[in-house]
Amino acid sequence: MSLHELDIVDAARAIRDKVVSPVDLVDALLERIEALDARVQAWAYVDRPGARAAARQATDEAAHGVFRGPLHGVPFGAKDIFYSAGLPTEGGSKVMAGFVPDYDATAVARLKAAGAILLGKLHTTEFATTDPAPTRNPWNLACTPGGSSSGSAAAVAARMVPLALGSQTIGSNVRPASYCGLVGFKPTFGRISTRGVMPLSYTQDHVGLMARNVEDVALALTVTAGHDRDDPSSSRAPVPDYMDAITRRRAPRIAVLRELFERATAEVADVTAQAVSRLARAGATVEEAKLPPTFRVVPAAAYLITRGDTASIHADRYASKADLYRPAIRSFIEMGMLIPGDLYVRALRIRRQFRRELAPLLNRYDALLTPTTPGPAPEGMGTGDPQFQTPWSLSGLPSITVPCGLTGSGLPLGIQLVSGSFTEATLLATAAWCEDILGRGQPPSL
Amino acid sequence: MDRDSLRAQFVTELRAAAERRFGAARAALLEPIIADAAGWMAEVATYPVDAEEPPAFYAEPAS
(Lines give C-alpha, C1' and ligand atoms only; values in the text may rest on other atoms or scores of the structure.)
Protein backbone atom coordinates (compact mmCIF):
# COMPACT_ATOMS: atom_id res chain seq x y z
CA MET A 1 0.00 0.00 0.00
CA SER A 2 1.29 3.47 -0.89
CA LEU A 3 1.57 5.93 1.98
CA HIS A 4 -1.03 8.27 0.49
CA GLU A 5 -3.59 5.47 0.80
CA LEU A 6 -3.23 5.19 4.58
CA ASP A 7 -6.37 6.09 6.49
CA ILE A 8 -6.22 7.91 9.81
CA VAL A 9 -6.24 5.03 12.26
CA ASP A 10 -3.80 3.00 10.17
CA ALA A 11 -1.46 5.97 9.73
CA ALA A 12 -1.51 6.76 13.45
CA ARG A 13 -0.78 3.12 14.29
CA ALA A 14 2.03 2.89 11.74
CA ILE A 15 3.64 6.04 13.16
CA ARG A 16 3.31 4.79 16.73
CA ASP A 17 4.83 1.44 15.70
CA LYS A 18 7.62 3.36 13.91
CA VAL A 19 6.79 1.63 10.64
CA VAL A 20 6.12 5.01 9.00
CA SER A 21 7.58 8.40 9.89
CA PRO A 22 5.52 11.62 9.80
CA VAL A 23 8.14 13.08 7.44
CA ASP A 24 7.67 10.25 4.93
CA LEU A 25 3.88 10.49 5.22
CA VAL A 26 3.76 14.26 4.76
CA ASP A 27 6.18 14.08 1.83
CA ALA A 28 4.06 11.37 0.18
CA LEU A 29 0.93 13.48 0.49
CA LEU A 30 2.66 16.63 -0.76
CA GLU A 31 3.84 14.65 -3.80
CA ARG A 32 0.29 13.42 -4.33
CA ILE A 33 -1.01 17.00 -4.19
CA GLU A 34 1.70 18.10 -6.59
CA ALA A 35 0.73 15.34 -9.02
CA LEU A 36 -3.04 15.78 -8.95
CA ASP A 37 -4.14 19.15 -7.72
CA ALA A 38 -3.76 20.98 -11.02
CA ARG A 39 -6.72 18.85 -12.14
CA VAL A 40 -8.71 18.51 -8.91
CA GLN A 41 -8.06 22.01 -7.50
CA ALA A 42 -8.87 21.05 -3.92
CA TRP A 43 -6.31 23.25 -2.17
CA ALA A 44 -6.51 26.99 -1.67
CA TYR A 45 -3.14 27.01 0.08
CA VAL A 46 -0.64 24.24 0.76
CA ASP A 47 1.66 24.97 3.68
CA ARG A 48 4.64 22.93 2.52
CA PRO A 49 7.24 24.48 4.84
CA GLY A 50 4.95 24.47 7.87
CA ALA A 51 3.82 20.89 7.31
CA ARG A 52 7.38 19.68 6.73
CA ALA A 53 8.62 21.44 9.87
CA ALA A 54 5.79 19.94 11.94
CA ALA A 55 6.52 16.51 10.43
CA ARG A 56 10.23 16.75 11.30
CA GLN A 57 9.33 17.64 14.87
CA ALA A 58 6.76 14.83 15.08
CA THR A 59 9.30 12.37 13.69
CA ASP A 60 11.91 13.46 16.19
CA GLU A 61 9.42 13.18 19.06
CA ALA A 62 8.32 9.73 17.93
CA ALA A 63 11.92 8.59 17.79
CA HIS A 64 12.17 9.55 21.46
CA GLY A 65 8.92 7.82 22.34
CA VAL A 66 7.00 11.08 22.69
CA PHE A 67 3.50 11.05 21.19
CA ARG A 68 1.36 14.14 21.56
CA GLY A 69 -1.91 12.31 21.16
CA PRO A 70 -3.84 9.75 19.12
CA LEU A 71 -3.24 11.62 15.84
CA HIS A 72 0.51 12.07 16.26
CA GLY A 73 1.97 12.80 12.82
CA VAL A 74 -1.30 12.34 10.91
CA PRO A 75 -1.92 15.09 8.30
CA PHE A 76 -5.22 16.90 7.87
CA GLY A 77 -6.64 19.74 5.80
CA ALA A 78 -9.06 22.47 6.84
CA LYS A 79 -11.73 24.19 4.79
CA ASP A 80 -10.61 27.74 4.14
CA ILE A 81 -13.14 29.21 6.55
CA PHE A 82 -11.26 27.74 9.55
CA TYR A 83 -8.84 30.19 11.11
CA SER A 84 -5.29 28.89 11.06
CA ALA A 85 -2.63 30.98 12.75
CA GLY A 86 -0.20 32.49 10.27
CA LEU A 87 -1.86 31.00 7.17
CA PRO A 88 -4.07 32.77 4.63
CA THR A 89 -7.74 32.22 5.44
CA GLU A 90 -9.86 33.82 2.75
CA GLY A 91 -13.16 31.93 2.77
CA GLY A 92 -13.16 31.76 -1.00
CA SER A 93 -13.84 35.48 -1.14
CA LYS A 94 -12.14 38.59 -2.44
CA VAL A 95 -13.66 40.29 0.60
CA MET A 96 -11.16 38.42 2.77
CA ALA A 97 -8.17 38.63 0.41
CA GLY A 98 -4.91 38.65 2.34
CA PHE A 99 -6.50 37.86 5.70
CA VAL A 100 -4.15 35.93 7.99
CA PRO A 101 -5.60 35.09 11.41
CA ASP A 102 -3.42 35.07 14.49
CA TYR A 103 -5.04 32.08 16.13
CA ASP A 104 -6.30 28.63 15.22
CA ALA A 105 -9.98 27.72 15.15
CA THR A 106 -10.70 25.49 18.13
CA ALA A 107 -11.20 22.43 15.90
CA VAL A 108 -7.84 23.05 14.22
CA ALA A 109 -6.16 23.63 17.57
CA ARG A 110 -7.59 20.42 19.03
CA LEU A 111 -6.42 18.35 16.08
CA LYS A 112 -2.94 19.86 16.38
CA ALA A 113 -2.93 19.23 20.14
CA ALA A 114 -3.69 15.58 19.37
CA GLY A 115 -0.57 15.52 17.18
CA ALA A 116 -2.14 16.08 13.76
CA ILE A 117 -0.30 18.13 11.13
CA LEU A 118 -2.10 20.81 9.11
CA LEU A 119 -1.17 20.42 5.42
CA GLY A 120 -3.07 23.47 4.25
CA LYS A 121 -6.39 25.08 3.45
CA LEU A 122 -9.08 23.62 1.23
CA HIS A 123 -11.24 25.43 -1.26
CA THR A 124 -14.73 26.51 -0.23
CA THR A 125 -17.56 28.17 -2.03
CA GLU A 126 -17.61 31.86 -1.16
CA PHE A 127 -18.27 32.14 2.58
CA ALA A 128 -19.67 28.59 2.46
CA THR A 129 -22.70 29.54 0.37
CA THR A 130 -23.16 28.73 -3.33
CA ASP A 131 -20.77 30.76 -5.49
CA PRO A 132 -18.66 27.75 -6.51
CA ALA A 133 -15.10 26.81 -5.67
CA PRO A 134 -12.88 25.77 -8.61
CA THR A 135 -12.69 22.21 -7.27
CA ARG A 136 -13.64 19.19 -9.38
CA ASN A 137 -14.92 15.77 -8.34
CA PRO A 138 -12.12 13.15 -8.39
CA TRP A 139 -14.63 10.53 -9.58
CA ASN A 140 -15.43 12.56 -12.68
CA LEU A 141 -13.71 15.87 -13.25
CA ALA A 142 -16.71 17.17 -15.19
CA CYS A 143 -18.80 16.95 -12.01
CA THR A 144 -18.96 19.07 -8.89
CA PRO A 145 -17.59 17.59 -5.67
CA GLY A 146 -20.51 19.38 -4.02
CA GLY A 147 -20.19 22.26 -1.67
CA SER A 148 -19.60 24.24 0.22
CA SER A 149 -16.85 21.99 1.60
CA SER A 150 -15.72 21.28 -1.96
CA GLY A 151 -11.97 21.03 -1.43
CA SER A 152 -12.37 19.00 1.77
CA ALA A 153 -14.33 16.29 -0.02
CA ALA A 154 -12.16 16.22 -3.13
CA ALA A 155 -8.85 16.14 -1.24
CA VAL A 156 -9.86 13.21 1.00
CA ALA A 157 -11.35 11.30 -1.94
CA ALA A 158 -8.25 11.88 -4.07
CA ARG A 159 -6.06 10.48 -1.27
CA MET A 160 -4.27 13.80 -0.85
CA VAL A 161 -5.05 13.77 2.88
CA PRO A 162 -6.88 11.28 5.12
CA LEU A 163 -8.90 13.80 7.16
CA ALA A 164 -10.50 17.14 6.43
CA LEU A 165 -12.48 19.66 8.39
CA GLY A 166 -15.58 20.89 6.62
CA SER A 167 -18.67 22.70 7.81
CA GLN A 168 -22.41 22.42 7.36
CA THR A 169 -25.04 25.13 7.68
CA ILE A 170 -27.51 23.64 5.20
CA GLY A 171 -25.93 20.64 3.44
CA SER A 172 -22.28 21.50 3.03
CA ASN A 173 -20.45 18.59 4.64
CA VAL A 174 -22.52 15.42 4.31
CA ARG A 175 -23.55 16.10 0.71
CA PRO A 176 -20.05 16.67 -0.77
CA ALA A 177 -18.72 13.74 1.23
CA SER A 178 -21.33 11.51 -0.40
CA TYR A 179 -20.73 12.93 -3.88
CA CYS A 180 -17.08 11.96 -3.44
CA GLY A 181 -17.60 8.49 -1.93
CA LEU A 182 -16.59 9.37 1.63
CA VAL A 183 -17.88 9.11 5.16
CA GLY A 184 -19.04 12.61 6.08
CA PHE A 185 -20.29 13.50 9.52
CA LYS A 186 -22.11 16.44 11.07
CA PRO A 187 -22.40 16.33 14.86
CA THR A 188 -25.13 17.69 17.09
CA PHE A 189 -25.18 21.50 17.13
CA GLY A 190 -22.72 22.58 19.83
CA ARG A 191 -20.81 19.26 19.93
CA ILE A 192 -17.71 20.67 18.17
CA SER A 193 -16.81 24.30 18.79
CA THR A 194 -17.26 26.69 15.88
CA ARG A 195 -14.93 29.30 17.36
CA GLY A 196 -12.61 30.60 14.65
CA VAL A 197 -14.82 29.34 11.83
CA MET A 198 -16.09 32.12 9.57
CA PRO A 199 -19.79 32.12 10.44
CA LEU A 200 -22.71 31.88 8.08
CA SER A 201 -25.49 31.27 10.60
CA TYR A 202 -25.22 31.68 14.37
CA THR A 203 -27.80 28.98 14.85
CA GLN A 204 -27.08 26.42 12.15
CA ASP A 205 -23.30 26.33 11.68
CA HIS A 206 -21.73 22.96 12.44
CA VAL A 207 -18.13 21.81 12.10
CA GLY A 208 -18.05 18.71 9.92
CA LEU A 209 -15.60 15.84 9.55
CA MET A 210 -14.69 13.95 6.38
CA ALA A 211 -12.70 10.74 6.24
CA ARG A 212 -12.75 7.42 4.41
CA ASN A 213 -14.31 5.22 7.06
CA VAL A 214 -16.43 5.45 10.20
CA GLU A 215 -13.63 4.48 12.58
CA ASP A 216 -11.55 7.44 11.36
CA VAL A 217 -14.48 9.79 11.94
CA ALA A 218 -14.95 8.39 15.46
CA LEU A 219 -11.32 9.09 16.27
CA ALA A 220 -11.44 12.61 14.85
CA LEU A 221 -14.65 13.33 16.78
CA THR A 222 -13.15 12.06 20.03
CA VAL A 223 -10.37 14.60 19.59
CA THR A 224 -12.45 17.59 18.45
CA ALA A 225 -15.65 17.30 20.52
CA GLY A 226 -16.24 19.06 23.80
CA HIS A 227 -17.04 22.32 25.49
CA ASP A 228 -15.24 25.51 24.49
CA ARG A 229 -15.69 28.43 26.83
CA ASP A 230 -14.99 30.80 23.94
CA ASP A 231 -17.95 29.53 21.93
CA PRO A 232 -21.31 30.50 23.48
CA SER A 233 -23.12 27.82 21.48
CA SER A 234 -20.76 25.07 22.61
CA SER A 235 -22.32 22.29 24.67
CA ARG A 236 -21.24 21.12 28.10
CA ALA A 237 -22.65 17.65 27.47
CA PRO A 238 -20.10 14.95 28.38
CA VAL A 239 -17.99 13.55 25.54
CA PRO A 240 -18.07 9.75 25.35
CA ASP A 241 -15.21 7.68 23.96
CA TYR A 242 -16.46 7.28 20.41
CA MET A 243 -13.75 4.77 19.50
CA ASP A 244 -14.97 2.57 22.32
CA ALA A 245 -18.58 3.13 21.22
CA ILE A 246 -18.00 1.72 17.74
CA THR A 247 -16.58 -1.48 19.17
CA ARG A 248 -20.06 -2.13 20.59
CA ARG A 249 -21.79 -2.21 17.21
CA ARG A 250 -24.83 -4.42 16.87
CA ALA A 251 -27.67 -4.88 14.40
CA PRO A 252 -29.56 -1.57 14.72
CA ARG A 253 -33.19 -0.51 14.64
CA ILE A 254 -33.57 1.69 11.57
CA ALA A 255 -36.48 3.85 10.40
CA VAL A 256 -36.58 4.31 6.64
CA LEU A 257 -37.99 7.70 5.60
CA ARG A 258 -39.80 6.72 2.41
CA GLU A 259 -40.82 10.34 1.68
CA LEU A 260 -37.23 11.16 0.82
CA PHE A 261 -36.80 8.08 -1.38
CA GLU A 262 -39.72 9.40 -3.41
CA ARG A 263 -37.88 12.68 -3.99
CA ALA A 264 -34.74 10.93 -5.27
CA THR A 265 -34.01 9.81 -8.81
CA ALA A 266 -35.16 6.30 -9.63
CA GLU A 267 -31.57 5.08 -9.69
CA VAL A 268 -30.74 6.59 -6.29
CA ALA A 269 -33.93 5.20 -4.77
CA ASP A 270 -33.13 1.78 -6.21
CA VAL A 271 -29.49 1.66 -5.08
CA THR A 272 -30.48 2.87 -1.61
CA ALA A 273 -33.32 0.35 -1.37
CA GLN A 274 -30.87 -2.43 -2.28
CA ALA A 275 -28.56 -1.24 0.51
CA VAL A 276 -31.47 -1.25 2.97
CA SER A 277 -32.33 -4.82 1.92
CA ARG A 278 -28.77 -5.90 2.60
CA LEU A 279 -28.90 -4.31 6.05
CA ALA A 280 -32.19 -6.05 6.81
CA ARG A 281 -30.86 -9.42 5.63
CA ALA A 282 -27.86 -8.93 7.91
CA GLY A 283 -30.12 -8.51 10.92
CA ALA A 284 -31.10 -4.85 11.14
CA THR A 285 -34.67 -4.15 12.20
CA VAL A 286 -35.98 -1.99 9.38
CA GLU A 287 -39.33 -0.21 9.52
CA GLU A 288 -40.86 2.60 7.50
CA ALA A 289 -41.60 5.83 9.34
CA LYS A 290 -43.13 9.19 8.52
CA LEU A 291 -41.68 12.58 9.32
CA PRO A 292 -43.87 14.95 11.37
CA PRO A 293 -46.06 17.57 9.63
CA THR A 294 -43.58 20.38 10.34
CA PHE A 295 -41.15 18.71 7.92
CA ARG A 296 -43.08 20.39 5.10
CA VAL A 297 -42.02 23.85 6.20
CA VAL A 298 -38.39 23.02 7.09
CA PRO A 299 -36.89 24.46 3.87
CA ALA A 300 -38.80 27.70 4.35
CA ALA A 301 -37.69 28.08 7.96
CA ALA A 302 -34.09 27.29 7.04
CA TYR A 303 -34.23 29.82 4.19
CA LEU A 304 -35.30 32.66 6.45
CA ILE A 305 -32.99 31.80 9.36
CA THR A 306 -29.82 31.40 7.29
CA ARG A 307 -30.41 34.57 5.30
CA GLY A 308 -31.27 36.59 8.38
CA ASP A 309 -28.19 35.35 10.22
CA THR A 310 -25.91 35.87 7.22
CA ALA A 311 -27.17 39.42 6.73
CA SER A 312 -26.35 40.21 10.34
CA ILE A 313 -22.92 38.55 10.17
CA HIS A 314 -21.91 40.36 6.98
CA ALA A 315 -23.57 43.72 7.59
CA ASP A 316 -20.38 45.66 8.32
CA ARG A 317 -18.31 44.13 5.52
CA TYR A 318 -21.17 44.50 3.09
CA ALA A 319 -21.44 48.20 3.92
CA SER A 320 -17.90 48.81 2.73
CA LYS A 321 -17.22 46.00 0.26
CA ALA A 322 -20.52 45.05 -1.36
CA ASP A 323 -19.01 45.04 -4.85
CA LEU A 324 -16.39 42.45 -3.86
CA TYR A 325 -19.00 39.81 -3.08
CA ARG A 326 -19.89 37.35 -5.85
CA PRO A 327 -23.51 37.32 -7.06
CA ALA A 328 -25.07 34.52 -5.00
CA ILE A 329 -23.65 35.46 -1.60
CA ARG A 330 -24.44 39.13 -2.27
CA SER A 331 -28.06 38.32 -3.04
CA PHE A 332 -28.15 35.99 -0.03
CA ILE A 333 -27.09 38.85 2.25
CA GLU A 334 -29.44 41.36 0.66
CA MET A 335 -32.46 39.08 0.93
CA GLY A 336 -31.56 38.55 4.58
CA MET A 337 -31.65 42.28 5.10
CA LEU A 338 -35.22 42.38 3.83
CA ILE A 339 -36.72 39.53 5.90
CA PRO A 340 -39.10 40.92 8.54
CA GLY A 341 -38.15 40.21 12.14
CA ASP A 342 -41.47 38.60 13.02
CA LEU A 343 -41.02 35.99 10.29
CA TYR A 344 -37.45 35.30 11.36
CA VAL A 345 -38.65 34.58 14.90
CA ARG A 346 -41.54 32.49 13.60
CA ALA A 347 -39.01 30.39 11.66
CA LEU A 348 -37.08 29.85 14.90
CA ARG A 349 -40.30 28.69 16.55
CA ILE A 350 -40.94 26.30 13.67
CA ARG A 351 -37.47 24.88 14.17
CA ARG A 352 -38.22 24.15 17.82
CA GLN A 353 -41.57 22.62 16.95
CA PHE A 354 -39.91 20.37 14.37
CA ARG A 355 -37.39 19.16 16.93
CA ARG A 356 -40.14 18.49 19.46
CA GLU A 357 -42.27 16.59 16.95
CA LEU A 358 -39.27 14.50 15.83
CA ALA A 359 -38.38 13.34 19.34
CA PRO A 360 -40.76 10.35 19.57
CA LEU A 361 -39.50 9.03 16.23
CA LEU A 362 -35.87 9.42 17.22
CA ASN A 363 -36.51 7.69 20.54
CA ARG A 364 -37.89 4.57 18.84
CA TYR A 365 -34.90 3.92 16.57
CA ASP A 366 -31.12 3.94 16.59
CA ALA A 367 -31.19 5.96 13.37
CA LEU A 368 -33.38 7.32 10.62
CA LEU A 369 -32.22 6.38 7.11
CA THR A 370 -32.51 8.30 3.83
CA PRO A 371 -30.61 8.43 0.57
CA THR A 372 -27.90 11.01 1.24
CA THR A 373 -28.71 12.97 -1.89
CA PRO A 374 -31.57 13.03 -4.41
CA GLY A 375 -29.09 12.32 -7.21
CA PRO A 376 -25.37 11.78 -7.79
CA ALA A 377 -22.94 14.68 -8.18
CA PRO A 378 -24.22 16.82 -11.06
CA GLU A 379 -22.07 17.96 -13.94
CA GLY A 380 -20.91 21.57 -14.00
CA MET A 381 -20.16 24.05 -11.26
CA GLY A 382 -23.44 24.06 -9.32
CA THR A 383 -22.90 22.37 -5.96
CA GLY A 384 -26.00 20.15 -5.96
CA ASP A 385 -29.20 19.81 -4.01
CA PRO A 386 -28.97 19.97 -0.19
CA GLN A 387 -32.63 19.19 0.57
CA PHE A 388 -31.87 15.86 2.31
CA GLN A 389 -29.50 17.60 4.74
CA THR A 390 -31.57 20.70 5.50
CA PRO A 391 -33.83 19.11 8.17
CA TRP A 392 -30.87 17.93 10.25
CA SER A 393 -28.97 21.19 9.92
CA LEU A 394 -32.05 23.13 10.93
CA SER A 395 -32.76 20.86 13.89
CA GLY A 396 -29.12 20.50 14.90
CA LEU A 397 -29.32 16.69 14.91
CA PRO A 398 -26.26 14.54 14.13
CA SER A 399 -26.07 12.89 10.71
CA ILE A 400 -23.59 10.82 8.77
CA THR A 401 -23.25 9.50 5.24
CA VAL A 402 -21.78 6.08 4.47
CA PRO A 403 -21.05 4.95 0.89
CA CYS A 404 -23.56 2.42 -0.42
CA GLY A 405 -22.76 1.93 -4.10
CA LEU A 406 -22.20 3.53 -7.46
CA THR A 407 -24.48 4.74 -10.21
CA GLY A 408 -24.35 3.19 -13.64
CA SER A 409 -22.04 6.02 -14.67
CA GLY A 410 -19.68 5.27 -11.80
CA LEU A 411 -20.53 8.07 -9.36
CA PRO A 412 -20.75 7.31 -5.63
CA LEU A 413 -23.96 7.27 -3.62
CA GLY A 414 -24.51 7.07 0.12
CA ILE A 415 -27.03 6.33 2.82
CA GLN A 416 -27.61 9.08 5.37
CA LEU A 417 -28.22 8.14 9.01
CA VAL A 418 -29.65 10.57 11.57
CA SER A 419 -30.11 10.22 15.33
CA GLY A 420 -31.13 12.22 18.38
CA SER A 421 -29.24 15.06 20.02
CA PHE A 422 -25.91 14.01 21.51
CA THR A 423 -26.36 10.37 20.50
CA GLU A 424 -23.27 10.38 18.31
CA ALA A 425 -22.00 7.22 20.00
CA THR A 426 -25.09 5.31 18.87
CA LEU A 427 -25.02 6.94 15.44
CA LEU A 428 -21.38 6.06 14.83
CA ALA A 429 -21.88 2.48 16.06
CA THR A 430 -24.85 2.17 13.71
CA ALA A 431 -22.87 3.64 10.83
CA ALA A 432 -19.95 1.31 11.53
CA TRP A 433 -22.30 -1.69 11.53
CA CYS A 434 -23.79 -0.56 8.20
CA GLU A 435 -20.30 -0.03 6.79
CA ASP A 436 -19.39 -3.59 7.78
CA ILE A 437 -22.33 -4.84 5.72
CA LEU A 438 -22.05 -2.47 2.76
CA GLY A 439 -18.26 -2.31 2.59
CA ARG A 440 -15.97 0.68 2.75
CA GLY A 441 -15.94 3.19 -0.08
CA GLN A 442 -13.43 2.58 -2.84
CA PRO A 443 -10.99 5.14 -4.27
CA PRO A 444 -11.69 6.90 -7.57
CA SER A 445 -9.36 6.09 -10.45
CA LEU A 446 -7.56 9.34 -11.09
CA MET B 1 -55.03 35.62 4.23
CA ASP B 2 -54.29 32.48 2.18
CA ARG B 3 -50.75 31.54 1.18
CA ASP B 4 -50.96 32.66 -2.46
CA SER B 5 -52.36 36.07 -1.57
CA LEU B 6 -49.77 36.49 1.12
CA ARG B 7 -47.02 35.51 -1.29
CA ALA B 8 -48.19 38.15 -3.77
CA GLN B 9 -48.23 40.74 -1.00
CA PHE B 10 -44.68 39.78 0.05
CA VAL B 11 -43.48 40.10 -3.54
CA THR B 12 -44.79 43.67 -3.64
CA GLU B 13 -43.29 44.50 -0.28
CA LEU B 14 -39.90 42.94 -1.06
CA ARG B 15 -39.65 44.78 -4.39
CA ALA B 16 -40.35 48.10 -2.71
CA ALA B 17 -37.98 47.39 0.16
CA ALA B 18 -35.20 46.28 -2.21
CA GLU B 19 -35.51 49.46 -4.26
CA ARG B 20 -35.55 51.64 -1.17
CA ARG B 21 -32.56 49.94 0.41
CA PHE B 22 -30.34 49.00 -2.53
CA GLY B 23 -31.54 51.21 -5.40
CA ALA B 24 -33.43 50.37 -8.58
CA ALA B 25 -30.53 48.74 -10.42
CA ARG B 26 -29.71 46.37 -7.62
CA ALA B 27 -33.38 45.65 -6.93
CA ALA B 28 -33.77 44.61 -10.57
CA LEU B 29 -30.97 42.08 -10.11
CA LEU B 30 -32.76 40.67 -7.06
CA GLU B 31 -36.02 40.29 -8.94
CA PRO B 32 -35.45 36.62 -9.92
CA ILE B 33 -35.13 35.56 -6.28
CA ILE B 34 -37.80 37.83 -4.81
CA ALA B 35 -40.57 35.46 -5.86
CA ASP B 36 -38.78 32.53 -4.22
CA ALA B 37 -38.15 34.48 -1.04
CA ALA B 38 -41.77 35.60 -0.90
CA GLY B 39 -42.87 32.00 -1.30
CA TRP B 40 -40.74 30.85 1.64
CA MET B 41 -41.97 33.79 3.71
CA ALA B 42 -45.58 32.88 2.97
CA GLU B 43 -44.89 29.25 3.96
CA VAL B 44 -43.53 30.33 7.31
CA ALA B 45 -46.23 32.94 7.89
CA THR B 46 -49.10 30.53 7.28
CA TYR B 47 -47.77 27.38 8.93
CA PRO B 48 -49.65 26.69 12.20
CA VAL B 49 -47.06 27.16 14.93
CA ASP B 50 -48.04 26.06 18.41
CA ALA B 51 -49.01 29.24 20.30
CA GLU B 52 -46.79 28.24 23.22
CA GLU B 53 -43.78 27.28 21.12
CA PRO B 54 -40.84 29.58 21.96
CA PRO B 55 -38.09 30.25 19.43
CA ALA B 56 -34.96 28.11 19.37
CA PHE B 57 -32.19 30.66 18.99
CA TYR B 58 -29.67 27.90 19.36
CA ALA B 59 -30.54 24.25 19.11
CA GLU B 60 -30.44 24.27 22.92
CA PRO B 61 -27.05 22.66 23.37
CA ALA B 62 -26.02 24.00 26.76
CA SER B 63 -26.82 21.91 29.79
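Two residues are taken to be in contact when heavy atoms of each lie within 4.5 Å. In chain B of this predicted model, contacts between residues at least 6 apart in sequence join, in 65% of cases, residues at least 24 apart. Chain B contains two helices and zero strands. Of its 63 residues, 38% count as buried.

Aromatic side chains provide a link between the chains. Over all chains, the structure holds six aromatic pairs. In one of them, the ring centres of Y318(A) and F22(B) are 6.3 Å apart and the ring planes stand at 75°, so the arrangement is edge-to-face. Because Y318(A) belongs to helix α11 (residues 298–321) of chain A and F22(B) to helix α1 (residues 3–22) of chain B, this pair joins two chains. Both Y318(A) and F22(B) are buried. The two residues also belong to one aromatic cluster, together with F127(A) and Y325(A).

Charged groups are placed over aromatic rings at two sites in chain A. The charged end of R307(A) sits over the ring of Y303(A), at 3.6 Å from the ring centre. At the other site, the ring of F67(A) has the charged end of R16(A) over it, with 4.5 Å to the ring centre.

The largest nonpolar core comprises 162 residues. Within this core, the residues that touch the most other members are W43(A), F82(A), L165(A), I415(A) and L428(A). Beyond its neighbours up to four places away in sequence, L165(A) touches a set of residues that includes F76(A), G77(A), A78(A), K79(A) and F82(A). Also among the contacts of L165(A) are A107(A), V108(A), L111(A), S152(A), V207(A), G208(A) and L209(A). A second core, separate from the largest, has five residues, among them W139(A), Y179(A), A377(A) and L411(A).

Helix α2 of chain A, which spans residues 22–40, has a kink of about 40° centred on E34(A). The buried residues of α2(A) include P22(A), L25(A), V26(A), A28(A), L29(A) and L30(A). Further along α2(A), I33(A), L36(A), D37(A) and V40(A) are likewise buried. In an α-helix, residues three or four places apart point the same way, because there are 3.6 residues a turn. The buried residues of α2(A) are covered by elements of chain A that include the helices α1 (8–16), α3 (48–63) and α5 (150–157). Strands β1 (43–46), β2 (75–79) and β3 (117–122) of chain A also contribute to this cover.

The backbone takes a positive phi of about 55° at Q41(A), just after α2(A). Q41(A) is a residue other than glycine and is located in the loop between α2 and β1 of chain A. With a relative accessible area of 32%, Q41(A) is partly exposed. A positive phi, near 60°, is also found at R159(A), again a residue other than glycine. R159(A) lies in the loop between α5 and β4 (164–168) of chain A. The relative accessible area of R159(A) is 10%, and the residue is therefore buried. A further backbone feature is the cis peptide bond from G147(A) to S148(A), where omega is near 10°. S148(A) is part of the loop between β3 and α5 of chain A.

R159(A) is also among the contacts of H4(A), a set that further comprises A28(A), L29(A), R32(A) and R212(A) when neighbours within four places in sequence are left aside. H4(A) is located in the segment before α1 of chain A. Its relative accessibility is 18%, so H4(A) counts as buried. The side chains of H4(A) and R32(A) are joined by a polar contact of 3.5 Å.

T272(A) is placed in helix α10 (residues 266–281) of chain A. This residue is buried, with a relative accessible area of 0%. A polar atom of the T272(A) side chain lies 2.6 Å from the backbone oxygen of V268(A). Outside the residues up to four places away in sequence, T272(A) touches F261(A), L369(A), T370(A), P371(A) and I415(A). Of these contacts, I415(A) is one of the residues that touch the most other members of the largest nonpolar core. Between T272(A) and P162(A), the separation is 110 residues in sequence and 26 Å in space, taken from C-alpha to C-alpha.

Notes
Residues are numbered from 1 along each chain as its sequence is written. Chains are lettered from A and ligands numbered from 1 in the order in which they are written. This is a predicted model: local features need pLDDT of at least 70, side-chain atom pairs count only at pLDDT 80 or more; totals for chains, interfaces and linings use all residues. Side-chain values use heavy atoms; hydrogens and water are left out. Rings of Phe, Tyr and Trp (its six-membered ring) pair if their centres lie within 6.5 Å; planes under 30 degrees apart count as stacked, over 60 as edge-to-face and the rest as tilted. Helices (H or I, at least four residues) and strands (E, at least two) are DSSP runs, numbered from the N terminus. Buried means under 20% relative accessible area, exposed over 50%, partly exposed in between (1.4 Å probe, protein chains only). A charge sits over a ring if NZ of Lys or CZ of Arg is within 6 Å of the ring centre and within 35 degrees of the ring normal. A nonpolar core is a set of buried Ala, Val, Leu, Ile, Met, Phe, Trp, Tyr and Cys residues joined through side-chain atoms within 4.5 Å. The bend at a residue is the angle between axes fitted to the seven residues ending there and the seven starting there. A polar contact is a pair of N or O atoms within 3.5 Å; within protein, one must be able to donate a hydrogen and the other to accept it, and residues adjacent in sequence count only if both atoms are side-chain atoms.
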